[in-house]
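The following exercises ask the reader to work through a structure step by step, beginning with a helix contact and going on to sheets, loops and annotated spans. Each task is followed by a worked solution.

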Amino acid sequence: MRALLTKVEQDSRLDRAGDRLQKVVLGTLRPRRLRDLLHGVTLGHPLHPAMVQVPVGAWISAAVLDLMPGQRRPATVLVGLGTVSALPAAVAGLNDWAALARDQRRVGLVHAAANTVGMTLYAGSLAARLSGRHGMGRALGFLGLSTVSLGAYIGGHLAYKQGAQVNQSVSELHRMTDGWHSLADMATLPQRTLITREVDDDISVILYRHGDEVTVMLERCPHQSGPLGEGEVQEIDGHACVVCPWHGSAFRLNGGEVVQGPSGNDQQILPTRIQDGVLQTRLP
């Protein structure tokens, strides 16, 4: 499976179908507020992984009941619940997928295809159960569970091996040494202007001064490692925010909260202090 998924990552033949589907998704989910909701911006955490718990849990529970006598009705209810709840979860997943890098979209396309087959099998299972063909319904249910389990495995590869929708910047914290680090003389910092500095010589942070307060934020965008130091400062909902130049994710400069996707994660703010007129920062 490892070798197969590596080949999928590199298979450019998937790009034709993937690019077409991406255009459809972006054209259908046009309102930014809708896309942000599906990305999980309001939660500060990707929404899709949370939503899939309902269909997966329902389908697994139905499979357990199918192995027990006299449980046809509750098993049918759970199959129906899983099938219905899988639809919004799939929409959230497609919304995330459309904002990924090309190699991630290739694997995501296979992940989506497996889950679509699984959902279709479960829809057939539900129809068979409702028409009284419970043996066929159970068989289709077990086939559906096997297929969505394969899809879940591919989704794990997408998240944990390829880093899709995980916080790309938090690893910078793990490389930062303990203690206070000097960044700049306060007297040299301009007002309301993004400045880029480094901690420990290779960990990039951005500085933003507003009055006597200075925000120090990790510079790598948590979505796809975009350079926030090259982004623009915009006022969104009354807050000064830095907007990533790559995909448009926006983060409040006074707290790091994500206010605009495709990032579903907040950006890390570092503690600061002024020592002898020098701005310093440290690990949270």
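**Exercise 1. Describe the contact of helices α1 and α7, from residues to geometry.**

Solution. The model is a predicted one, and the work starts with the residues that meet. From α1, the residues L5, V8, E9 and Q10 are in contact with D103, R106, V107 and V110 of α7. Sorted by character, the residues of this contact comprise four nonpolar, one polar and three charged.

The next step is the geometry. Two packed helices are described by the angle between their axes and by the distance between those axes. For α1 (residues 2-10) and α7 (residues 102-130), the angle is about 120 degrees and the axes are 7 Å apart. Roughly perpendicular covers 65 to 115 degrees and roughly antiparallel begins over 145; α1 and α7 are therefore oblique to each other. The last step is the handedness, and the crossing of α1 and α7 is right-handed.

**Exercise 2. Work out the strand order of the sheet that contains β1, β11 and β10, and follow the pairing of β10 with β11 down to individual residues.**

Solution. The three strands form an open sheet in the order β1-β11-β10, and their pairing is antiparallel. The edges are taken by β1 (181-185) and β10 (272-275), each of which pairs on one side only. On average, and with direction ignored, neighbouring strands of this sheet are turned by 35 degrees against each other.

Between β10 and β11 (residues 278-281), four bridges hold the antiparallel pairing. Among the residue pairs, T272 has T281 in β11 as its bridge partner, while Q275 stands opposite V278 in β11. The two strands form a hairpin with two residues between them, and in this hairpin D276 takes a positive phi near 55 degrees.

**Exercise 3. Which strands stand at the edges of the four-stranded open sheet, and which residue of β7 is the bridge partner of C241?**

Solution. The order of the strands is β5-β6-β7-β8, again with antiparallel pairing. Because β5 (232-236) and β8 (258-260) each have a single partner strand, they stand at the edges, and one side of each is left without a neighbour in the sheet. The twist from one strand to the next averages 40 degrees.

Within this sheet, β6 (residues 239-243) and β7 (residues 250-252) run antiparallel and are joined by three bridges. The bridge partner of C241 in β7 is R252.

**Exercise 4. Locate D200 and P262 in their loops and state the backbone feature found at each.**

Solution. D200 lies in the loop between β2 (194-199) and β3 (203-210). Although D200 is not a glycine, its phi is positive, at about 55 degrees.

P262 belongs to the loop between β8 and β9 (269-270). The peptide bond that joins G261 and P262 is cis, with an omega of about 20 degrees.

**Exercise 5. Compare the UniProt "transmembrane region" annotation with the secondary structure of residues 75-95 and 140-160 in the model.**

Solution. The unreviewed UniProt entry places the feature "transmembrane region" at residues 75-95, 107-128 and 140-160. Over residues 75-95, the chain is 100% helix and 0% strand, and the C-alpha atoms at the ends are 31 Å apart. For residues 140-160, the span is 100% helix and 0% strand, with its end C-alpha atoms 30 Å apart.

Technical notes
Residues numbered from 1 in each chain as written. Predicted model: local features only at pLDDT ≥ 70, side-chain atom pairs only at ≥ 80, totals over all residues. Heavy atoms only, no water. Pairing = 2+ DSSP bridges. Axes fitted to C-alpha atoms, helices over the stretch in contact; angles between N-to-C directions. Parallel < 35°, antiparallel > 145°, perpendicular 65-115°, else oblique. Left-handed = near helix turned anticlockwise from the far one by under 90°. Contact = heavy atoms within 4.5 Å. Nonpolar A, V, L, I, M, F, W, Y, C, P; charged D, E, K, R; others polar. UniProt positions renumbered as here; feature names shortened; annotations may be inferred.
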